[in-house]
Every structure is written in C-alpha cells, then in structure tokens.
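Please work through the following exercises with the sequence and the structure at hand, and try each task before reading its solution.

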Amino acid sequence: MKPKVSIIGAGMTGATAAHWLADKEIADIVLVDIVEGMPQGKALDMQESMPVAGKDVRIIGTNGYEDTAGSDVIVITAGLPRKPGMSRDDLLAINSEIVAKATEETIKLSPDAIYIILTNPLDVMCYVAMKKGNLPRERVIGQAGILDSARMRAFVSMELDVSVENVNCYVLGGHGDSMVPLTRHSNVAGIPLNEILSKDRLDAIVERTRKGGGEIVGLLKTGSAYYAPAAAIAQMVEAILKDKHLIVPSSVYLQGEYGQRDIFFGVPAQLGRTGLEKVYEYDLNEEEMAELKASAEHVAETMRDLSI
Ligand code: TXD
C-alpha cells in the first residue's frame, strides 16, 4: 500500500500540489474542500490524467474528513489568499479558525500524521496547528523558505543565464516582507553571490525576492502564487515519505536556535520520516543576526494578535 497524503483545501495551491505529488508517484492523495463538487471534480480530472502520465496513484476528492483516515502527511492549504493591497497578516482571524478546525478534524483520524502548513500568515498558522492538534514540534512544518529561496534562485539563474541547479540560495526568517535572504551563504556552483554579481544587481535580486509574493499577487489580481508554493509542498512531502534527511529552509518551532524561542520561524531544517529531524545553525554576522531578530519580532507581533 502506498503512503497517504491528505490535502485540506483543494484551491489553487492544494490542487496544484496534488498534481506535482501525483507525478512523483509516491502517495495516494485525498483532496478535501468545503466547496461541493470542486475537490471531486479536480480529483477525477487528475485521476483521468494518470493513464497518460503513466502513474499509478489514486486521487480522491471529498467534502468530508472520513477519507483522510490513516494519512501519513496532512497538508493544510485551506483558507483565504491575499487580495492586492492586503498583507499576509490581514488574513489572521479568519484563517486561524479554518486551520484550527482542519487540524482538529484530521488529527482524530490520523493521529500519527506529520503536518505541513501553507495557509497564511504562515508562521502563526503553524502555531495554531501545533496547539490545536496537541502536536510535538517535530510534526508541524511550515512551507515558506523553499518558495522564497526558489524565487531568489530563479532570479539569479535568469540574471546570469546559468542552470537553476547551480544556484543555491537560502532565505530565512518569517514569511513576510521582513524575510532574510542570506547572500553570504548563497552561491553559484560554490562561488559566493557577491563575487559573481555586482552589488546593485544583488541588491535588486534581494529586493525582488522579498516582494516576490506581492509581485505575483499584483499580476494575477485575484489570488496569489501557486505553482512554486505547490512545488515546494511536493518537495517537503517527498523528503518526509522517502526519509531523505533533506535540509531545506522551513518554518519550525524554535527552542533557542538562532536566539529565538516559542515562535515558528524559517530556518534550515532537516526533514525525514519523523518530520523535523534537526535545525542547522549558520554562523551569522551581526548584521544578519539583526535582520533575523527584526523578522522574528514581526512574527512575535502577529502572534500577539492571535486569539486561540
Ligand atoms: O508559501 C506560502 N506559505 C504560501 C501561502 C504560498 C501561497 C499561498 N499561501 C496561502 O495559502 C494563501 O495566502 C492562503 O492562505 C492559502 C491558500 O492559498 P490558495 O491560493 O490555494 O487559495 P485558494 O485557491 O482560495 O484555496 C483555498 C481553498 C479554497 O478552495 C477554499 O474553499 C478552501 O481553501 N477552504 C477550505 N477547505 C476546507 N475546509 C475549510 N474550512 C475551508 N475554508 C476554505
């Protein structure tokens, strides 16, 4: 029997994540949404594409939670996305209720599941899931850092016309405009970014990375990015199910690492079959630490507005 992955919220990111995942042929998939017929329709359509793709994966769409029973991984994307002019924090009240319910319903049926959270404001929604599911920190991981780092990698690769595979970038901190692209630790085939790019070009890439989500929201007008976030989800699920011990920037609950405590925050996290295996700590200079601290303060501020 294949592992089972349930995705709560079959909207743009949820359904696209199902698609990326189905292509990896590593799990059967359950798509849950409150909109009647929509998850069923998307799942059936995707199922009908499997003979063409040559993948043996079962995909179910549903409006209830019964079919999620026994899931190895639960992905929560349910909630409202940003509209132009909105910050991620504007979504706090409504999305915390949605994430709380999704966690409470799913944990009853999948008591051993590992949770990957996507819903914004991301770092605080991870905390909601951990509390409502009464979960240990190892089993709640937020997706943000792979996406933010992938955006930076894409921009560097376009700028230098080199393969994306040669570009390694690490964006840490909260998932918001205060995120911290670590240019000193990012490189092209081992060559530090500041040696291969002029200061102006590098600054422009850092700025574009920070505003990357907003750039897509502004272009789409309705909804936010979904291809890249969904690809990031699929990479995290794969790391867990294949026990890869993969180190990727993810939002995890810090207990002293990077001088932070009791907040979810983007750091290099090693993922495997038990979820979060280890947090890696970079040697950061004063300026980098100050930027991380400012980003952490922003997350802590949003946490204070949370009432659960
Ligand atoms: O990197 C990241 N973390 C992000 C986060 C990248 C992209 C999107 N990000 C956030 O994910 C975004 O700000 C939203 O908070 C969520 C979902 O974004 P998406 O683009 O997928 O939004 P959609 O297309 O509106 O899909 C959300 C679905 C929609 O179909 C609703 O009907 C459903 O969630 N929904 C629910 N499903 C199940 N149960 C409940 N209660 C529910 N409420 C809404």
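## Exercises on the ligand site

**Exercise 1.** Find the polar contacts between the protein and the ligand, taking pairs of N or O atoms within 3.5 Å.

*Solution.* Begin with the backbone, where an N or O atom of Q143 lies 2.9 Å from a nitrogen atom of the ligand in this predicted model. Turn next to the side chains: a polar atom of N120 lies 3.0 Å from an oxygen atom of the ligand, and a polar side-chain atom of H175 lies 3.4 Å from an oxygen atom of the ligand. Finally, consider the cover, since the protein covers 89% of the 850 Å² of accessible area that the ligand has on its own.

**Exercise 2.** Describe where the ligand sits and what surrounds it.

*Solution.* The ligand occupies the largest pocket. Helix 1 (12-24) and helix 3 (92-109) are the elements that give two or more residues to the shell around it. That shell has 15 nonpolar, eleven polar and one charged residues, and of these 27 residues, M12, T13, D33, L80 and Q143 come nearest. Because domain 1 (4-142) and domain 2 (145-304) both give residues to the shell, the ligand lies between them.

**Exercise 3.** Examine the backbone at P121 and at N134.

*Solution.* As background, most residues other than glycine have a negative phi, and most peptide bonds are trans. The peptide bond from N120 to P121 is cis, with omega near -5 degrees, and P121 is found in the loop between strand 5 (114-117) and helix 4 (122-132). N134, although not a glycine, has a positive phi of about 50 degrees, and N134 belongs to the loop between helix 4 and strand 6 (140-142).

Methods: Residues numbered from 1 in each chain as written. Predicted model: local features only at pLDDT ≥ 70, side-chain atom pairs only at ≥ 80, totals over all residues. Heavy atoms only, no water. Near = heavy atom within 4 Å. Polar contact = N/O pair within 3.5 Å; in protein donor to acceptor, adjacent residues only side chain to side chain. Areas by Shrake-Rupley, 256 points an atom, 1.4 Å probe, with all protein chains shown as cover. 1 Å grid on protein atoms, 1.4 Å probe; cavity = no way out; pocket = protein on both sides within 12 Å on 5 of 7 lines; lining within 4 Å. Sits in = over half its atoms within 2 Å of the grid points. Helix = DSSP H or I, 4+ residues; strand = E, 2+ residues; numbered from the N terminus. Nonpolar A, V, L, I, M, F, W, Y, C, P; charged D, E, K, R; others polar. Domains from an automatic or database assignment.
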